[in-house]
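Trainee: Before I accept the labels used for this structure, could you take me through the reasoning behind some of them?
Mentor: Gladly; ask about each label in turn.

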Amino acid sequence: MSKPARPALTQTDLPTGILLAAGFGRRFDPQGLRNKLMEKMPDGRTVAWRSARTLAAGLPNSIAVVRPGQPELAEELRRGGCQVIESAAAEAGMGAALRAGVAASADARGWVVALADMPWLSMELVRAVALTIAARDTIAAPWRNGQRGHPVGFGVAWRDELLRLDGDEGARALLKTQPVTRVLTEDDGAFRDIDTPADLTSSPLR
C-alpha cells in the first residue's frame with residue numbers, strides 16, 4: 001500500500017527564509033573594492049538579486065541580513081523579494097548574522113537558511129527543505145555523495161539554540177552534533193557558491 005502524500009504547507013505554515021548577506025567576501029576581492037553580491041551574472045542579474053529571488057519565491061516571508069552602510073545591496077535584496085534586516089552584530093560573522101535573522105522573526109514556524117553567494121540554488125530545493133522541517137525538532141539539508149549543501153532548515157524547536165549563536169562559526173556545531181535529515185538531490189546549485197570572479201561565469205550541473 002502506498003503512503004499518503006504529505007500535505008502541502010499553507011502560506012501561514014511556511015518557515016521563514018533567512019538569506020545571509022553580511023559577509024565581507026575577502027577571497028573574491030582582498031582589497032574590498034568589489035562586493036561579490038553586487039556583481040552581475042551572465043543573465044545581467046546580480047548575485048544578490050538572484051539569491052534573494054529564489055529564496056523569496058519559495059518562501060515569501062524571507063528576510064535578508066546585511067551589515068549597516070550597504071544601501072545598494074539592501075535595495076537589490078528588496079528588489080529580489082526579501083525584507084532586509086541591518087545588523088551591526090553581523091560583522092562578527094555568519095553565526096551572529098543568523099542570530100539576528102532569527103531574532104527578527106520571533107513568530108516563525110522554523111527557518112530555512114540560505115547563503116547570498118549561492119545564486120544557482122533552486123526554488124524547488126528551498127521548498128523541499130521547508131517541507132522537511134514541518135516537524136518542529138527537525139534539522140534538514142540537501143545531501144549528495146556524502147556532502148551537505150544549502151539551504152539548511154531548522155524546525156522551530158531550535159530557536160533558543162540559534163539565538164545563542166555568535167561569531168563566524170554559524171550553525172556548524174549544531175550540524176555536527178545533531179541528527180540532520182538528508183534531502184537527497186543531484187542539483188549542483190546546492191553545492192556551488194561565488195568564491196572568485198571566475199565563478200560568476202561558471203554554470204552548475206543540472
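Trainee: What makes Pro71 and Glu72 of α2 exposed residues?
Mentor: In this predicted model, a residue is called exposed when its relative accessible area is over 50%, and Pro71 and Glu72 meet that description on the face of α2 turned away from its buried side.

Trainee: Which residues of helix α2 are buried, then?
Mentor: Buried asks for under 20% relative accessible area, and in helix α2, which spans residues 71–80, the label goes to Leu73, Ala74, Glu76, Leu77 and Gly80.

Trainee: How do you know that they are on the same side of α2?
Mentor: They cover an arc of only 160 degrees around the axis, which puts them on the same side of α2. As a general background, an α-helix has 3.6 residues a turn, so residues three or four places apart point the same way.

Trainee: What do the buried residues of α2 pack against?
Mentor: With contact taken as heavy atoms within 4.5 Å, they pack against the strands β1 (16–20), β2 (63–66) and β3 (83–86), and also against helix α1 (47–58).

Trainee: Why are β2 and β3 called a pair?
Mentor: Two strands need at least two bridges between them to be called a pair, and β2 and β3 have four, in the parallel sense, so the label applies. Within this pairing, Val65 stands opposite Ile85 in β3. The chain crosses from β2 through α2 to β3, and this β-α-β crossover is right-handed.

Trainee: How many bridges join β1 to β2?
Mentor: Three bridges join these parallel strands, against a requirement of at least two, so they too count as a pair; Ile18 has Ile63 as its bridge partner in β2.

Trainee: How do you know that both faces of β2 are covered?
Mentor: Ile63 and Val65 on one side are buried, and Ala64 and Val66 on the other side are buried as well.

Trainee: What makes Arg45 a charge over the ring of Trp49?
Mentor: The limit for the distance from CZ of Arg to the ring centre is 6 Å, and the direction must also be within 35 degrees of the ring normal; Arg45 lies over the face of Trp49, at 3.9 Å from the ring centre, so the label fits. The charged end of Arg144 likewise sits over the ring of Phe191, 4.3 Å from its centre.

How values were computed: Residues are numbered from 1 along each chain as its sequence is written. This is a predicted model: local features need pLDDT of at least 70, side-chain atom pairs count only at pLDDT 80 or more; totals for chains, interfaces and linings use all residues. Side-chain values use heavy atoms; hydrogens and water are left out. Buried means under 20% relative accessible area, exposed over 50%, partly exposed in between (1.4 Å probe, protein chains only). Helices (H or I, at least four residues) and strands (E, at least two) are DSSP runs, numbered from the N terminus. The arc is that of the directions from the helix axis to the C-beta atoms. A crossover is right-handed if, with the strands pointing away from the viewer, the path from the first strand over the helix to the second runs clockwise.
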